[in-house]
Amino acid sequence: MILDAGLTTARGKAKDALGFGSMARPATRLPPPLPPPATEKSAKLIIALSGLLVALTFALTFTLGTTALPMGVFGLLAIAWGRHVIGVGRAAQRTHAALQALTRGHIEETEAHLDAIPARFARRGTVQRAIAFQRTLSAFYRGDATAAAKAIEPALGSKIGLLTYGHEQMQRTLALSVRALVRASMGETDRVHADVAEVLASPWASPEALSRVRIAEAVALARTNGGSDALAAHVRTHGALMLEHALPRERVLARAIRKMVQTRARSIYREPAKPVEAEARDGVGSWIARIAPEAAAFADEPARLAERAGVAEVPAPTAEGARAVAQSRAAAKRPAQASRARLLALWAALIVVFLVFFQFLSPSGAPGPGRHAPAAPPSDPALLPVLTGVTIVAAVLAVMAILVARVRRGERDLFAVQRALASGDLATANPLLDRLAHGQSLVAAQAVWLRARHLEQQANFVEALASCDRALATIHAQPYGIRNAAALALTPSVLGQRATVLAALGREPEAYAELATIASQHGAFAYRAVFEQRVRLVAAVRRGDRDAARAVARERTGELPLPLRDELLADLVLATAPEGASREEQERIDAELRADRALAAWVDAIAPGLRDELARRVAGGGAGPAVRVAQDAQRVQDARTGIHHHAIDEEEADARDDAAARTRA
């Protein structure tokens with residue numbers, strides 16, 4: 001998603017044709033300053049304490065005459081590690097700020113952030129993979145598949161770190177999914193299957209990666225035989241996954257392939273546009289024409305989106321909202337008030353152990369009156385402190401290895417939960433979530449957050465809010481350094497989820513207070529723009545202010561990764577405006593909402609009656625749900641062809657009532 005340096009004028013014209021015309025980068029760019037990441041605080045504390053340890057090493061060596069080399073080496077290694085954490089933290093924060101700028105359409109700012117990352121960090125680990133991923137998407141979205149295939153290689157070839165193993169494996173599956181889609185667009189079918197197989201076999205694959213490889217398979221099938229039964233079966237089986245977890249542009253591609261399958265299966269129910277017309281309509285249609293020419297004619301005309309978006313003008317938090325949020329945060333922090341004291345006590349205990357140890361091993365001096373000569377010393381008395389120091393360091397490393405292994409198992413299970421939820425396998429997801437959520441580890445906090453997301457998707461906002469509060473309490477219960485590490489992504493994600501749920505419950509002051517917390521304490525958070533859009537849209541719809549909701553919906557950029565529910569809610573408020581939308585767009589929204597019961601219940605809980613209003617427009621009269629099903633049976637069958645269908649006929653009103661009851665509670 002990031003534009004390469006040194007774009008020529010010709011390439012700029014090509015960008016204009018693809019809808020990137022306003023994204024040209026200025027000749028000179030300076031990245032906006034960023035506050036230090038939270039990890040820097042704990043890293044500086046480690047450096048300070050380690051420096052004290054090194055000082056004690058020299059003091060013991062020169063005053064007691066003992067060899068304290070292991071303690072000094074341990075302190076120097078800790079100092080080096082702290083400096084590394086500071087550098088990586090700043091680089092990671094730059095990648096987050098770059099992604100946030102990208103979602104707002106500020107490509108030049110995105111490039112400035114990435115260019116500001118020091119080379120020693122840009123060429124290794126998670127930072128290198130993040131940079132390669134963003135640059136690859138940029139080239140691919142420009143339609144330059146060859147450049148994209150080259151740009152993704154650094155994300156696949158570098159060594160995986162010990163402490164970031166799970167995260168880097170997840171990044172690698174994302175990179176493989178992008179390469180699969182790039183190769184599918186180039187007609188390299190055999191190589192597509194290799195990448196797809198590796199992603200599907202990986203326990204670290206995220207729902208986004210799974211969605212993208214399924215889209216890659218669909219593109220490969222469409223390019224070989226657009227009307228094949230294999231493509232229809234693939235879309236029927238994986239259509240829901242492709243829509244739910246895809247990025248916006250890829251979601252348009254998935255819908256185009258689905259419509260192609262539907263249209264070719266039903267003669268002349270709806271004539272598609274000619275491919276040349278689709279290419280001329282908009283940048284996304286032109287991009288699809290390059291990726292999957294057979295599907296370009298079937299790309300829906302997207303809603304009018306903003307090319308660029310600034311920081312949202314979120315209403316200032318009221319005293320009531322700020323007070324409520326402060327009370328909830330105080331309750332979450334109570335179990336962790338002694339976290340920093342425990343860390344300091346641990347270091348103090350370590351120092352005392354070394355002091356006591358060296359005191360006992362120090363020479364006692366010459367024997368005086370009444371004192372016996374000391375026993376014969378060991379053959380090499382200087383070896384004792386060395387061996388003991390090595391033993392202590394080895395014990396510390398062994399404990400760290402056990403903790404790393406435990407975290408790695410937890411991360412693997414978290415990805416298993418995400419895969420199960422993405423496929424709708426609740427029988428697998430729920431027991432695993434229950435096991436992971438039990439405890440006070442960071443893995444438990446992530447599991448509770450995943451549960452909150454799932455509950456919100458099911459329109460169970462009350463329990464989702466309780467899960468968000470529990471996740472925050474678990475995060476605050478972590479040791480000081482781990483809590484600061486969580487502040488880069490997990491903590492603001494939970495805060496954003498909590499703000500969205502509060503908006504859905506009609507508690508706007510608290511929702512905006514949470515957004516203010518993200519802005520003030522996590523300003524560089526990658527998905528800040530996403531949660532600003534979600535909260536403002538849901539809040540406006542919830543209070544019945546359709547004009548405000550439509551204004552928010554029009555602020556979306558094409559690269560803002562909104563969840564499917566929020567995207568359809570935005571499309572719905574625009575489609576029911578007085579000027580409405582094209583009939584094709586209205587039918588598409590109506591069919592998708594009726595094809596997924598959980599999605600429909602979520603929309604009905606937030607905007608009761610809005611879905612029926614669209615349905616009446618589509619049906620051409622005042623038809624209710626039951627009449628609508630009879631009138632639009634053909635389009636319901638089309639939806640079954642493209643995405644998983646859950647019957648919504650006589651049970652539809654019950655689902656809406658249940659969702660509304662949970663909201664009122």
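Student: What makes Ala459 count as buried?

Tutor: Ala459 has a relative accessible area of 0%, and buried means under 20%, so Ala459 is buried. Keep in mind that this is a predicted model.

Student: Where is Ala459 found, and what is its phi?

Tutor: Ala459 is found in the loop between α21 (442-457) and α22 (461-476). Its phi is positive, about 65°, although Ala459 is not a glycine.

Student: Which residue is 145 residues from Ala459 in sequence, and how far apart are the two in space?

Tutor: That residue is Asp604, and the distance is 9.1 Å, C-alpha to C-alpha. Asp604 lies in helix α30 (residues 597-606).

Student: Why is Asp604 called buried?

Tutor: The cut-off is under 20%. Asp604 has 4% relative accessibility, so Asp604 counts as buried.

Student: Let's turn to α22. What makes Leu465 buried?

Tutor: Leu465 lies in helix α22. Its relative accessible area is 8%, and the limit for buried is under 20%, so Leu465 is buried. Leaving aside neighbours within four places in sequence, Leu465 is in contact with Arg498, Val501, Leu502, Leu505 and Arg507. The C-alpha atoms of Leu465 and Gln497 are separated by 8.5 Å, with their positions 32 residues apart along the chain.

Student: How do you know how α25 runs relative to α26?

Tutor: Helix α25 (residues 508-521) packs against helix α26 (residues 528-542) at an angle of about 170°, and their axes are 11 Å apart. Angles over 145 degrees count as roughly antiparallel, so α25 is roughly antiparallel to α26.

Student: Which residues make that contact, and what classes do they belong to?

Tutor: From α25 come Glu508, Ala511, Tyr512, Leu515, Ile518 and Ala519, while α26 gives Arg528, Phe531, Glu532, Val535, Arg536 and Ala539. By class, the contact of α25 with α26 has eight nonpolar, no polar and four charged residues.

Student: Gln533 has its place in α26. Is Gln533 buried or exposed?

Tutor: Gln533 has 4% relative accessibility, so Gln533 counts as buried. Its contacts, leaving aside neighbours within four places in sequence, are Val552, Ala553, Glu555, Arg556, Leu560 and Leu562.

Student: And what makes Ala312 buried?

Tutor: At 16% relative accessibility, Ala312 is under the 20% limit, so Ala312 counts as buried. Ala312 is found in the loop between α16 (293-296) and α17 (319-333). Not counting residues up to four places away in sequence, Ala312 touches Arg104, Glu532 and Arg536. From Ala312 to Arg528 the C-alpha distance is 9.9 Å, with the two 216 residues apart in sequence.

Student: Now the aromatic residues. Why is the pair of Phe140 and Trp287 called edge-to-face?

Tutor: The structure holds five aromatic pairs. In this one, the ring centres are 5.7 Å apart and the planes are at 80°. Centres within 6.5 Å make a pair, and planes over 60 degrees apart count as edge-to-face, so the pair is edge-to-face.

Student: What does the pair of Phe140 and Trp287 tie together?

Tutor: Phe140 lies in helix α6 (residues 125-141) and Trp287 in helix α15 (residues 283-291), so the pair ties together parts that are 147 residues apart in sequence. Both Phe140 and Trp287 are buried.

Student: What makes Phe525 and Tyr527 an edge-to-face pair?

Tutor: Phe525 and Tyr527 are 6.0 Å centre to centre with 75° between the planes, which is edge-to-face.

Student: How do you know whether Phe525 and Tyr527 are buried or partly exposed?

Tutor: Phe525 has 3% relative accessibility, so Phe525 counts as buried. Tyr527 has a relative accessible area of 35%; partly exposed lies between 20% and 50%, so Tyr527 is partly exposed.

Student: Which residues touch the most other members of the largest nonpolar core?

Tutor: Of its 128 residues, those are Val219, Leu253, Ile257, Ile288 and Phe461. Not counting residues up to four places away in sequence, Val219 touches Leu181, Ala184, Ser185, Leu253, Ile257, Ile291 and Ala292. Apart from the largest core lies another core, of seven residues, among them Ala98, Ile117, Val127 and Ile131.

Student: What does the chain come to as a whole?

Tutor: Its secondary structure comes to 34 helices and zero strands. Of the 665 residues of the chain, 51% count as buried.

How values were computed: Residues are numbered from 1 along each chain as its sequence is written. This is a predicted model: local features need pLDDT of at least 70, side-chain atom pairs count only at pLDDT 80 or more; totals for chains, interfaces and linings use all residues. Side-chain values use heavy atoms; hydrogens and water are left out. Axes are lines fitted to C-alpha atoms, for helices over the stretch in contact, and angles run from 0 to 180 degrees between N-to-C directions. Helices (H or I, at least four residues) and strands (E, at least two) are DSSP runs, numbered from the N terminus. Angles under 35 degrees count as roughly parallel, over 145 as roughly antiparallel, 65 to 115 as roughly perpendicular and the rest as oblique. Contact means heavy atoms within 4.5 Å. Ala, Val, Leu, Ile, Met, Phe, Trp, Tyr, Cys and Pro count as nonpolar, Asp, Glu, Lys and Arg as charged, and the others, Gly among them, as polar. A nonpolar core is a set of buried Ala, Val, Leu, Ile, Met, Phe, Trp, Tyr and Cys residues joined through side-chain atoms within 4.5 Å. Buried means under 20% relative accessible area, exposed over 50%, partly exposed in between (1.4 Å probe, protein chains only). Rings of Phe, Tyr and Trp (its six-membered ring) pair if their centres lie within 6.5 Å; planes under 30 degrees apart count as stacked, over 60 as edge-to-face and the rest as tilted.
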